[in-house]
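Work through the exercises below with the sequence and the 3D view open. Each task is followed by a solution in steps.

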Amino acid sequence: MVKAVIFDLDGVLVTTDELHFKAWQKLAAELGITGFTKEDNIRQRGVSRMESLEVVLEKTDRKFTEEEKLALAEKKNDVYVKSLGGLSRADVLPGVFEFIAYIKSKGIKAAVGSASKNTPLILEKTELADKFDAVSCGLDTTRSKPDPEVFLIAAEKLGISPADCVVIEDSAAGIEAAKRGGMKSIAVGAAEHDKNADVSVESLGSLYKAMEMLGL
Ligand code: B16
Ligand code: MG
């Protein structure tokens with residue numbers, strides 16, 4: 001039985017995936033790295049800031065100390081947070097507000113499960129903050145996706161068993177995390193066709209059908 005939906009943030013609720021990409025591109029350029037592509041950026045989805053940095057640094061032979069890596073991640077985050085300045089309700093992906101209202105009308109709870117430590121800021125700026133019954137994010141966790149921790153914390157905050165939760169994700173790491181946490185999952189966008197997902201859809205418009213397939 002579906003009692004809760006846990007939404008990933010970046011790439012599922014909001015268009016911040018492009019802003020992450022631009023900020024990493026800027027850092028790569030500053031480091032003289034030329035081969036950082038969209039495909040590399042897709043591997044950064046859902047994983048932590050420091051793991052995302054490793055995806056950039058694997059493109060160079062230069063070696064960095066842990067301290068230098070932390071400084072580089074902070075530098076990227078400063079650029080990213082600045083780019084969130086202009087974020088508004090208009091950056092929420094099409095159909096999100098309507099879909100949340102729909103599941104709530106069915107008595108299903110809604111939560112966020114995101115790796116991002118910037119989750120509270122993003123939810124506030126996009127007017128999504130008061131739409132969720134619980135928020136679990138990078139500020140709550142010690143392990144990142146594909147570890148299920150972020151989704152299990154969301155389920156715990158909701159007081160709902162993992163088996164009754166459906167995760168909506170755009171990353172392979174997030175889909176694997178849902179599976180390892182004993183939850184069902186719907187893969188969207190960049191994660192479409194992920195073999196670990198229970199249902200796969202191209203865009204949010206198809207979520208109603210996906211929920212039906214999961215027994216809503
Ligand atoms: P931050 P999600 C993830 O968000 C992003 O997909 C991933 O690319 C990023 O590295 C991670 O958040 C950490 O974000 O640097 O803002 O703490 O997809 O789990 O909502
Ligand atoms: Mg995501």
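## Exercise 1: Ligand 1 and its surroundings

Ligand 1 is surrounded by 18 residues, and the closest are Asp-10, Arg-49, Ser-114, Ser-116 and Lys-117. The model is a predicted one.

**Task.** Find which backbone atoms of Leu-9, Gly-46 and Lys-117 lie by an oxygen atom of ligand 1, and at what distance.

**Solution.**
- Step 1. Start with Leu-9: a backbone N or O atom of this residue is 3.2 Å from an oxygen atom of ligand 1.
- Step 2. Go on to Gly-46, where a polar backbone atom is 2.8 Å from an oxygen atom of the ligand.
- Step 3. For Lys-117, a backbone N or O atom lies 2.7 Å from an oxygen atom of ligand 1.
- Step 4. Now consider the surface of the ligand. Taken alone, ligand 1 exposes 470 Å², and the protein buries 99% of that.
- Step 5. Last, consider the space that ligand 1 takes: this space is the largest pocket.

## Exercise 2: The magnesium ion

**Task.** Which residues are the protein donors of the magnesium ion (ligand 2), and what spacing do the donors follow along the chain?

**Solution.**
- Step 1. List the protein donors: they are Asp-8 (OD), Asp-10 (O) and Asp-170 (OD).
- Step 2. Note the atom labels. Asp-8 and Asp-170 are listed with OD, while Asp-10 is listed with O.
- Step 3. Read the distances: the donors lie 2.0 to 2.2 Å from the ion.
- Step 4. Write the spacing along the chain, which is D-x1-D-x159-D.
- Step 5. Check the accessibility of two donors: Asp-8 and Asp-10 are both buried.
- Step 6. Link this to Exercise 1: Asp-10 is also among the closest residues to ligand 1.

## Exercise 3: Backbone angles

**Task.** Where in the chain is the cis peptide bond that involves Pro-146, and what is the phi of Glu-127 and of His-193?

**Solution.**
- Step 1. Recall the usual case: most residues other than glycine have a negative phi, and most peptide bonds are trans.
- Step 2. Look at the bond that joins Lys-145 and Pro-146. This bond is cis, with omega about 20°.
- Step 3. Place the proline. Pro-146 is in the loop between strand E3 (134-136) and helix H7 (149-158).
- Step 4. Turn to Glu-127, which is not a glycine and has a positive phi near 65°. Glu-127 is in the loop between helix H6 (119-125) and E3.
- Step 5. Classify Glu-127. Its relative accessibility is 43%, so Glu-127 counts as partly exposed.
- Step 6. Turn to His-193, another residue that is not a glycine, with a positive phi of about 75°. The loop between strand E5 (184-188) and strand E6 (199-201) holds His-193.
- Step 7. Classify His-193. Its relative accessibility is 64%, so His-193 counts as exposed.

## Exercise 4: Three residues of helix H4

**Task.** Are Leu-72, Val-79 and Tyr-80 buried, partly exposed or exposed?

**Solution.**
- Step 1. Recall the cut-offs: buried means under 20% relative accessible area, exposed means over 50%, and partly exposed is in between.
- Step 2. Take Leu-72, which lies in helix H4. Leu-72 is buried because its relative accessible area is 10%.
- Step 3. Take Val-79, also placed in helix H4. With a relative accessible area of 28%, Val-79 is therefore partly exposed.
- Step 4. Take Tyr-80, in helix H4 (residues 66-83). Its relative accessibility is 0%, so Tyr-80 counts as buried.

## Exercise 5: Sequence distance and spatial distance

**Task.** How far apart are the C-alpha atoms of Val-79 and Leu-27, and those of Tyr-80 and Lys-131?

**Solution.**
- Step 1. Val-79 and Leu-27 are 52 residues apart along the chain, and their C-alpha atoms are separated by 8.9 Å.
- Step 2. Tyr-80 and Lys-131 are 51 residues apart in sequence and 24 Å apart in space, C-alpha to C-alpha.
- Step 3. As a further pair, Leu-72 and Trp-24 are 48 residues apart along the chain, with 10.0 Å between their C-alpha atoms.

## Exercise 6: A side-chain contact

**Task.** Which backbone atom does the side chain of Gln-44 reach?

**Solution.**
- Step 1. Locate Gln-44 in helix H2 (residues 38-44).
- Step 2. Classify the residue: Gln-44 is buried because its relative accessible area is 5%.
- Step 3. Follow the side chain of Gln-44 to the backbone oxygen of Ser-52, at 2.9 Å.

Definitions and conventions:
Residues numbered from 1 in each chain as written. Chains lettered and ligands numbered in written order. Predicted model: local features only at pLDDT ≥ 70, side-chain atom pairs only at ≥ 80, totals over all residues. Heavy atoms only, no water. Helix = DSSP H or I, 4+ residues; strand = E, 2+ residues; numbered from the N terminus. Buried < 20%, exposed > 50% of the residue type's maximum accessible area, 1.4 Å probe, protein only. Donors = N, O, S within 2.8 Å, 3.2 Å for Na, K, Ca; no water. Near = heavy atom within 4 Å. Polar contact = N/O pair within 3.5 Å; in protein donor to acceptor, adjacent residues only side chain to side chain. Areas by Shrake-Rupley, 256 points an atom, 1.4 Å probe, with all protein chains shown as cover. 1 Å grid on protein atoms, 1.4 Å probe; cavity = no way out; pocket = protein on both sides within 12 Å on 5 of 7 lines; lining within 4 Å. Sits in = over half its atoms within 2 Å of the grid points.
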